[in-house]
Amino acid sequence: MLRNPKNAVSRGKTRPALTGLASVALVSTALTLTTGTGIATAATSVTPLVVYSAQGYDSTETTAFQKATGIPVELDDDSTGPLLTKIEAEKNNPKWGVLWVDGATAFASLDQQGLLMKGWEPTVSWNALGKEAVPPDKSYVPTGFTMAGTLVYDDKTVTDPPTTWQDLLATKWNGDIGMNDPAVSGPTYPFVAGMMNYLGGVNQGEKFYTGLENNGLHVYLTNGDTLAALEAGIIKLALIQSSAGIGAGIKDPDIKVKFLPPVTALPSALGIDSKAPKAEQLEAEKFIEFVLSTQGQQLMQSGDPTGDSLYWPVLTGVTPLKALPALSSIKVQTINPYTWGSREDTINTWFTDNIVE
Amino acid sequence: MSQGIPLALEEPEGASPQGAGPDLAAQVGLPVTGKRRGAKAFGARAADTLSRYGGAWVVWLILCILVAVPVGAFLLQAISPRMFGQGSSWFTLSAFSQAFQANAFKALLNSIWVSVAVCALDLLIGGGLAWMVQRTNVGGRRIWPGFMWALLLAPTYLMAQGWTYLLEPKGVFAQMGINASAVYHVFFGPAGVVFVLALANAPFAYLTISAALGGLGSQYEEAVRVHGGGRIATARVIVPVLAPAVLASIALVFAETMSDYGVSSTLAFQSHFQMATYGIYEAVTDLPTQFGVAGVLSILLLASAAIPLALQSRVTRGRSYAILSGRTRPANRHLLRRPAKWAMTSVVAGFFLLALGAPALGAFYGSFVSNLGVEIGAHDLTLNAYREVLSGSTQYGHVQVEGASALAAPLLLSLELAAITATVTAVLGLAVARLLAHRRPGRFTKAGDLLLLGSIALPGIVLGAGYIFAFNLPIASRFGVDLYETLPLLVMGYLATSVPTQSRIMMGQVAQVHTSLLEAARVHGARAISAWRSAYVPVVSRVLVLAWLVTFTKTFFELPISQLLYPPGQEPISVAINSWVSNYHYDIGTAMTVLALLLVFAVIAVVSGGFRLLAPRGWQRVGWRNVG
């Protein structure tokens with residue numbers, strides 16, 4: 001083998017080639033950067049309101065808000081998970097203005113980290129549920145309610161569904177039950193916490209979920225995945241968010257929804273970034289007032305009629321969509337989002353290690 | 001092994017031109033080394049150094065900004081959360097103890113053994129298919145590369161889902177009266193995970209090995225046969241020659257398998273088989289987010305990339321594998337007899353049926369059958385979803401929501417971003433491949449190699465979060481540089497995922513290009529640039545086109561980085577599709593996917609057709625044949 005690395009000839013030729021390649025790459029990267037930054041900096045004089053939202057009706061709502069007020073809105077429409085990841089990662093230098101997702105525990109957790117603007121509440125006429133959902137420090141504003149962990153099944157395959165939570169532990173349902181992973185699916189942690197709250201504590205709740213696991217519980221990522229497993233026949237009973245179940249029932253009349261007593265209320269809410277510029281915070285307040293106006297509520301109910309529009313209102317004078325059962329027919333419990341929000345991390349870790357594993 | 005192969009494996013480095021001396025070298029316009037005195041000499045030396053190493057430094061600098069800085073930031077916050085506003089300590093190891101409590105090692109070991117198994121299977125599958133398509137007259141040679149393409153583009157979760165649809169209790173087999181419950185139970189476990197990932201990652205092995213086979217004329221095989229060697233002797237000669245490609249394919253398949261999220265979050269997760277990427281995902285989506293734990297898991301994933309790299313450096317150390325020179329002749333095909341030909345054709349067809357049939361079923365069933373499973377007997381096929389997507393309005397019962405599912409803007413945006421990313425990746429990837437293919441890499445190159453392969457092994461969500469940490473610093477905002485949530489940063493994020501993979505695919509080919517091609521051009525009086533253009537570009541042109549196409553398609557459908565970095569109000573198509581699906585509008589989501597796929601196939605047809613029509617014929621005959 002010839003070992004002569006000091007070969008001027010081969011270097012002299014290949015290196016300029018590399019330099020050429022590098023400069024092409026550099027020029028094209030620079031070009032991309034400059035053209036793109038041009039787009040980014042061409043902002044209007046009015047501060048745009050940046051909305052991070054996972055709601056199915058959000059684009060309907062932001063479009064109408066922009067039309068009504070002239071305030072430009074930049075909507076980041078995504079699942080709850082990536083939105084919260086972004087907010088946590090940009091803690092150093094937040095870019096969001098207002099957040100709109102399901103789950104008061106998520107907002108409580110953001111509040112405890114000091115990420116939410118406190119002390120402001122719109123002047124509206126709350127109903128009983130709404131009044132209960134406004135936090136004492138006024139760090140977020142409820143916009144509606146769905147239920148966490150409702151029982152969804154196909155009445156062609158299940159003719160005698162369970163009627164209590166304890167029924168789910170019967171061997172009759174061995175291998176037939178599915179739910180979402182609370183560490184991934186936003187609306188599922190409140191369900192897990194709600195069961196612990198109902199049964200009298202974390203230990204009792206863990207016992208219940210261990211019982212479910214021993215009864216062959218299937219855990220999927222999100223509502224959609226669990227619903228797909230139900231429709232595919234892998235499971236017979238799905239424990240998912242009420243809007244997903246009722247929406248599926250509209251598309252397929254064989255899909256039924258049952259509220260095992262008690263079912264845990266899951267508020268959707270809007271929270272304002274504590275570090276946003278004052279101008280943007282004021283725009284965010286206007287947006288919240290718009291959402292809770294008569295027009296805003298109509299848009300919330302028409303924007304996603306087979307999904308997120310299936311909510312129980314927080315305001316007096318707004319009636320829920322017809323597909324929703326009357327609240328008086330359901331036994332509902334609310335949980336303290338601050339008590340349970342701070343336990344989310346440890347409870348989810350327990351769930352991952354003992355139920356998912 | 002190399003001692004036993006007296007073929008042209010040893011590059012005649014420095015043989016002729018040095019003998020000719022500096023005068024001749026100066027005459028033909030080559031940089032001259034030798035002792036000179038004075039300022040002139042210093043200037044010349046500086047210019048020389050710049051031309052030698054300038055390019056390499058620029059390439060490393062770009063990679064540093066694209067990959068090292070964001071990955072480094074993500075890893076750094078695991079031990080110094082305060083630096084990125086994630087906690088109160090400047091230095092802590094608490095994330096490590098937390099990660100190890102949470103079964104991190106178990107998940108990592110699962111990921112590693114699955115990756116090793118997938119590597120072994122894919123060497124057989126990819127290598128076998130490459131040999132059949134390149135070197136035999138197996139039937140359907142013109143269509144298989146296209147299928148391999150389609151497989152490269154199929155998302156792994158779709159493949160897992162497709163197989164689930166086939167095997168599940170109320171699935172397609174059950175509808176057809178086939179009892180698949182035994183297979184179903186085996187499938188829902190590690191076996192199914194390895195199976196789906198081996199099918200999904202086979203194209204990486206196929207592409208890298210095909211590239212090498214394409215550049216390898218049949219003269220080596222003929223030489224062995226002339227000297228009386230049999231098949232085993234032939235293999236003993238050919239396999240080592242292909243070593244860079246085989247090792248590149250091992251490294252690539254290993255890293256791609258380690259980083260896979262599609263299967264680890266569906267099939268593996270549902271069968272209670274935890275893998276490392278899922279652990280990272282769970283830590284990142286937990287609230288409050290456990291970036292520290294994700295950082296520790298990422299360090300372990302990154303380190304695992306050292307396994308295939310160690311193998312690579314042991315085997316290829318200091319050897320040259322340059323076989324693609326002016327004397328390379330197209331290889332002859334083995335003419336199989338009819339029974340053998342049919343047998344091999346059905347093996348290849350069978351592979352694609354397993355790999356593509358299932359996901360295709362998943363995608364199309366999902367979009368046409370609105371209530372899968374429940375009403376499967378009624379075959380409720382409907383085109384409503386497509387009509388809604390194309391008209392840009394969604395019919396909800398009696399309510400018409402205008403513009404709800406508008407497809408045009410996200411589609412055009414993704415088209416533009418994917419085209420820019422693909423173009424930069426092709427050029428930059430080639431430069432990086434040349435650096436990595438260096439026969440005697442220095443420590444710096446080795447470290448860069450580990451970082452690049454390691455970054456392939458990291459899931460997109462880590463890169464995305466790393467980009468936020470690194471490019472959304474308050475200090476930068478104070479100077480008016482706000483890159484986060486702009487299109488340029490999104491393109492940089494895309495580049496960070498594509499350049500490491502593409503440069504590794506190109507490496508096998510680049511390592512084969514003999515410097516004699518360039519030397520010949522220079523000796524004939526061509527200047528550096530024109531020598532490069534006339535002697536080098538043609539040889540790598542197919543690889544460049546291929547890299548462009550792969551990057552374009554992968555970028556078009558990239559989700560995790562798009563989700564974290566896209567500017568609000570400017571949704572890429574992948575984010576738009578995901579939003580519909582996560583709000584339970586599967587029909588619209590899937591219809592959008594199908595239409596987006598049609599657009600991507602049209603771009604692939606135009607670009608590869610354009611290359612075939614416009615590029616000189618000679619360009620198309622060298623290097624990768626039957627690959628793209």
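Here are four short exercises, each with a worked solution, on a predicted model.

**Exercise 1. Judge the confidence of the model and of chain B, and find where the pLDDT of chain B falls under 50.**

Solution. Start with the global scores: the model has an ipTM of 0.79 and a pTM of 0.80. Next, turn to chain B, where the pLDDT averages 76 and 77% of the residues score at least 70. Then look along the chain for weak stretches. Residues 1-36 of chain B stay under 50, and the model gives them 55 contacts beyond four places in sequence. Residues 368-381 of chain B are also below 50 in pLDDT, with 29 contacts beyond near neighbours in sequence. Keep both stretches in mind as you read on.

**Exercise 2. Describe the make-up of chain B: its helices and strands, its burial and its contacts.**

Solution. Begin with secondary structure: chain B holds 29 helices and two strands. Now consider burial, for which a residue needs 20 or more other C-beta atoms within 10 Å of its own. By that count, 53% of the 628 residues of chain B are buried. Finally, take the contacts in chain B with a separation of 6 or more: 79% of them link residues 24 or more positions apart.

**Exercise 3. Work out how chain A is divided into domains, and what domain 1 brings to the contact with domain 2.**

Solution. First, set the bounds. Domain 1 of chain A covers 49-147 + 266-325, while domain 2 covers 148-264 + 344-356. The centres of these two domains of chain A, taken over C-alpha atoms, lie 26 Å apart. Next, count the residues that take part: 18 come from domain 1 of chain A and 19 from domain 2 of chain A. On the domain 1 side, α3 (80-89), β3 (98-102), α4 (104-112) and β4 (140-148) of chain A supply at least two residues each. The largest share there, three residues, belongs to α4(A). Last, sort that side of domain 1 of chain A by class, which gives eight nonpolar, eight polar and two charged residues.

**Exercise 4. Trace the five-strand open sheet of chain A, then follow one of its strand pairs.**

Solution. Write down the order: β7-β6-β8-β5-β9 of chain A, with mixed pairing. Then find the edges. β7 (218-220) and β9 (255-258) of chain A each pair on one side only. Neighbouring strands of the sheet are turned by 25 degrees against each other on average, direction ignored. For the pair, choose β6 (residues 177-180) and β7 of chain A, which run parallel and are joined by three bridges. To place the strands in register, use A:Asn180, whose bridge partner in β7(A) is A:Tyr220.

Note on methods
Residues numbered from 1 in each chain as written. Chains lettered and ligands numbered in written order. Predicted model: local features only at pLDDT ≥ 70, side-chain atom pairs only at ≥ 80, totals over all residues. pLDDT = per-residue confidence, 0-100. Contact = placed C-beta atoms within 7 Å. Domains from an automatic or database assignment. Helix = DSSP H or I, 4+ residues; strand = E, 2+ residues; numbered from the N terminus. Nonpolar A, V, L, I, M, F, W, Y, C, P; charged D, E, K, R; others polar. Pairing = 2+ DSSP bridges. Axes fitted to C-alpha atoms, helices over the stretch in contact; angles between N-to-C directions. Buried ≥ 20, exposed ≤ 12 C-beta atoms within 10 Å, placed from the backbone.
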